[in-house]
Amino acid sequence: MPRLLRDSEYLYGLHDPGGEHIMLGQDVPGWVLITVAVGHDPNDHSPGDDRSFWSDYRRLSDKRLGVMVRLNNGYGGAGTLPCQRDYDNFARRCANFVRNSQGAHIWIVGNETNHPIEWPGADWDWDAAPPRPRSPDREGEKITPDRYANCYRQVREAIHALSGHEKDQVLIGAVAPWNNLTTYDGNPHGDWVQYFRDLLERLGPQSCDGITLHAYTHGTDPKFIQSPEKVRDQRFQQYHWHFRAYQDFMQAIPTNMRHLPVYITETDQGDDPWRNENAGWVRQAYQEIAEWNRKHEQQIRSLILYRWPRVGSDKWYIDGKAGVIEDFTQALNERHQWGVEPVIDVEALRKQVDELSAQVNELQPALRRIAALATEVARLQQMMEGLAGQAEQAAALRQPVGDLLAKVEQLEADVGITPGGVVPQPLLQDVRTTLPVHASQRWPSRSADTIQRVVVHHTVTRDDVTPQRIAEAHVGQDKPGIKYHFLITGDGATYWTQPLEAVVEQTRVSAVNDDGVAVALAGNFTEAVPTAAQMDSAARLIVWLLSTLQLSSEAVWGRNELDRGISSPGAQWLQGARFKDTLLAQVRSILDEAEDPAQVIAQLRQQVRDLQTQIAELQALAAQVSPLQQEVQGLQATVQQQKAEIARLQDIIDAGCGGGGVVRQPDVLDVVDSLPQHPTLRYAQRTRPISMIVAHHTDTPPTFTVEQLAHYHAFGTRKDAQGNWIKKEWPGIGYHFVITPDGTIYQGQREETCSYHVGGEPNNYSLGVSFIGRFMRANYDDTPRTPEEQVPTPQQMRSASRLIAWLMQKHDVPIEKVMGHRDVWPGHTVCPGDQWTAGAHWKSLLHQQINAVLQGREKLIDHCLLFWDHGADWGETDWRNAQAYIAHFRPTSGFSTDDALLAQHVTIVGGDAGVSGEDEARLRAAGVDVHRLAGADEAETRALLGELVEKNTPWPGAPPLVRKVTEPVVRDLAAEVTAATAVDEWSVPDEWSEVEVSPAVPESARPRVKVSPLE
Ligand SMILES: [Zn+2]
């Protein structure tokens, strides 16, 4: 699907069509810029001088190339804009052109309007120095920021009014860098950056869709791309002389316009034509812009090479220059895109961390189970070791136990008893073969040694009932025969009625039938109990059975204990008379009496049998030991693996958020091995852990380089007036990290190196972070320094806070231990300057910013004044009423709650019919300090705003605004710093700024340390 804006996601581009096949050949559809002269006839609907496209750019946009069309009134003396009286005609003409166009939605209004060459009616002598009009009436109509803004606004509105072009980007034309020929009130020197800033301020964020820039090098050398060289002219010495002129413009963009797209629409090698060689100029230029985008919120969306075709006498063509084309092709291979989100997406990071935490939490129960399992496994293992020993012993026991058994059998033979017989058989009337049986059915059979219990029944008859009667009754019920093995009548007579091998249906429980012997007592013991004779016979019979069958007295049951819902052998068995107890007591008493050798032998035999069983069991267990041991080892491996997995996840979380934080390592240029070093001296390794981070300034001009610093630290020597050494040669740079005014962080020493940066033992446990600059109220010659020079740049502060927060997290250093050099040795040094804890107090600012980074709430905007915007309708009256407030407090003004989320403080103007309560809640939820200024009507709101201005408090209850720029610049050193201590071994003598030191490594080859574990 084509991009709605017909733009490109890539940075690459060519001015004018013709060379796009190079980009398409690398599958990098970049930008093509077309410039057209349309004149300003409001009735003209033609494609103007566009002879190659006839204003149909789909030939490009259908190939996903980004299309940008620059609308000019004309070229040269015709003026890129017409005279101001024709601005409305020009706007209508531009709209005609756009209406008839296809495939383009990005328009640039005019070009380099601060350059007289673009003014209508101008005819200048460009060879004169400085250039001047050929005659006073040929100066042309100067295009001031006011005029340009007026024209641009009309063109933009006319284009946006066209159906299908409401959302088109109408961009302001680029301002010519280094051109100072446009002067006007308030800009007497023709400062081009001021022209640019004035222009943007006249438009404001509501009347501008985007910005175009031009940037060049003065010469063909690739090193000019990153050159920090400044303009020599005193009036403009703060501006870059080469490609980085774009940064001067970027920094001049008002904060409330930093969300707008920016395009560099022209770049080349300056006054020279393109040198036909592949020297890497093009690649470096794209890398430079990609680097900018990576570090800044405001993205540069294109870098367009000027220009592809040979056009007239224009000497900057690329077509046919194989060297440049090769350089461009290699640059394309790096596939740089804009829109790479440079801000840490804290929310996404938190989400990731939350997900990981959830994973670990999910694993916690598993871990606990594993821990329990590990204990269990250890216990098992111990037990098995014991078992193995026992199994061995068991094997050894087999022989003696076998001998023992033989001896027992010999004893039995000697005593003359049948094996197993213990007590004499009681008197039994054997009727097993004489009782009535079923004609065809027989009880199933079993082996007598399967018998496990004796089951007592009652017959629910008179106690003199005969076995014949009962057998008849049972056969009459269609049973195979009598259902009892024994019957004992009231007179104590005992009848053997069935062989022990018969499985009789004595209960409804087949398992009991299978393993039980049925002993029936004649009578009904619901209320009565058996006779004494019956009890005595029953006891004797049971003793004989238990002994013969080798059962214990626990094997005696009443049927009702085994067969639920059945009362036999009557209620008195377990309740009332509890004749079970009586019976068992009689059984035990008989057993006790049976102290004869036969019984002792029987017991011995039983014990030997038990031993044999145990041996067999142990041997079986021993056989299982080895597979179990294998299983244990497997389990142990699983435990180890799971523990490792959990540790790995924990590491990721710790690395990613530092135990709850969200600080990523900032980008650091590692120049440790490439900076100048002393040929023989070497620093020691630290012997104490890092517990402090020390801030320094370099006490040098801001342009001083890290290489120059290293060179001075290694080779610089200094003596005081008395000839005492202040500084001797050192092994190398003293600082672990150095931060340049543009926010670049260099690593100069490994963290474990005990280098000289703070002095004394603290070197052994601290890291040195140095800011390039001299943060003092006055120079050494007592001339005052500007307020901006007295503190680190915002870029330095941002990089430093990210770096220090990261180091704190890494080494567990608390914020109180982020100190200035002078805090460590009060009175001995002024470093990092007299504004550290006095004046600008940038120590507290730094601590605040560090805390913000640590808490993941690094805010980009300090204070945002938020107005409502419902599309067509917006808080225009409120906005107008707030102008005095804005002028006084200079907040970022905004209309989008999303943008306001990036602010630390938000003041909402108007009631919740405008910015809704939901939006307010959303801001609060994001940790923003929200205030709402809402009167009953707009007039009352205006009064509220006025009161705040009166009180100099940006919102009710806020501390009064302190404006640094209004502070008097006076030399006022903090009391403890004497002039004598102002120079120390770290103070770099000014002459060292003149020392030429080659870069540690070529800029292009600088390695980037990029360790972002969650990226
Ligand atoms: Zn210092």
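Which backbone nitrogen does the side chain of His697 reach? I looked that up before anything else, keeping in mind that this is a predicted model.

**His697.** I found the side chain of His697 at 3.1 Å from the backbone nitrogen of Phe775. I then checked exposure: His697 is buried, with a relative accessible area of 3%. I also pulled up its contacts, leaving aside neighbours within four places in sequence. Phe775 is on that list, along with Tyr735, Ser770, Phe771, Gly773, Arg774, Met776, Cys831, Pro832 and Gly833.

**Strand S19.** His697 sits in S19, which covers residues 692-697. I went through the strand and noted that six of its six residues are buried. Met692, Val694 and His696 point one way, while Ile693, Ala695 and His697 point the other. That fits what I'd expect, as side chains in a regular strand alternate between the two faces of the sheet.

**Partners of S19.** I followed the bridges next. S19 runs parallel to S25 (residues 766-771), with six bridges joining them, and Ala695 has Val769 as its bridge partner there. S19 also runs parallel to S26 (residues 818-820), through three bridges; in that strand Val694 is partnered by Met819.

**Zinc.** What holds the zinc ion? I got His696 (ND1), His821 (ND1) and Cys831 (SG), at 2.0 to 2.2 Å. Along the chain I wrote the donor spacing down as H-x124-H-x9-C. His821 is in helix H19 (residues 821-824) and Cys831 in the loop between H19 and helix H20 (842-854), so this pair ties together parts 10 residues apart in sequence. I checked exposure here too: His821 and Cys831 are both buried.

Conventions:
Residues numbered from 1 in each chain as written. Predicted model: local features only at pLDDT ≥ 70, side-chain atom pairs only at ≥ 80, totals over all residues. Heavy atoms only, no water. Donors = N, O, S within 2.8 Å, 3.2 Å for Na, K, Ca; no water. Helix = DSSP H or I, 4+ residues; strand = E, 2+ residues; numbered from the N terminus. Buried < 20%, exposed > 50% of the residue type's maximum accessible area, 1.4 Å probe, protein only. Polar contact = N/O pair within 3.5 Å; in protein donor to acceptor, adjacent residues only side chain to side chain. Contact = heavy atoms within 4.5 Å. Pairing = 2+ DSSP bridges.
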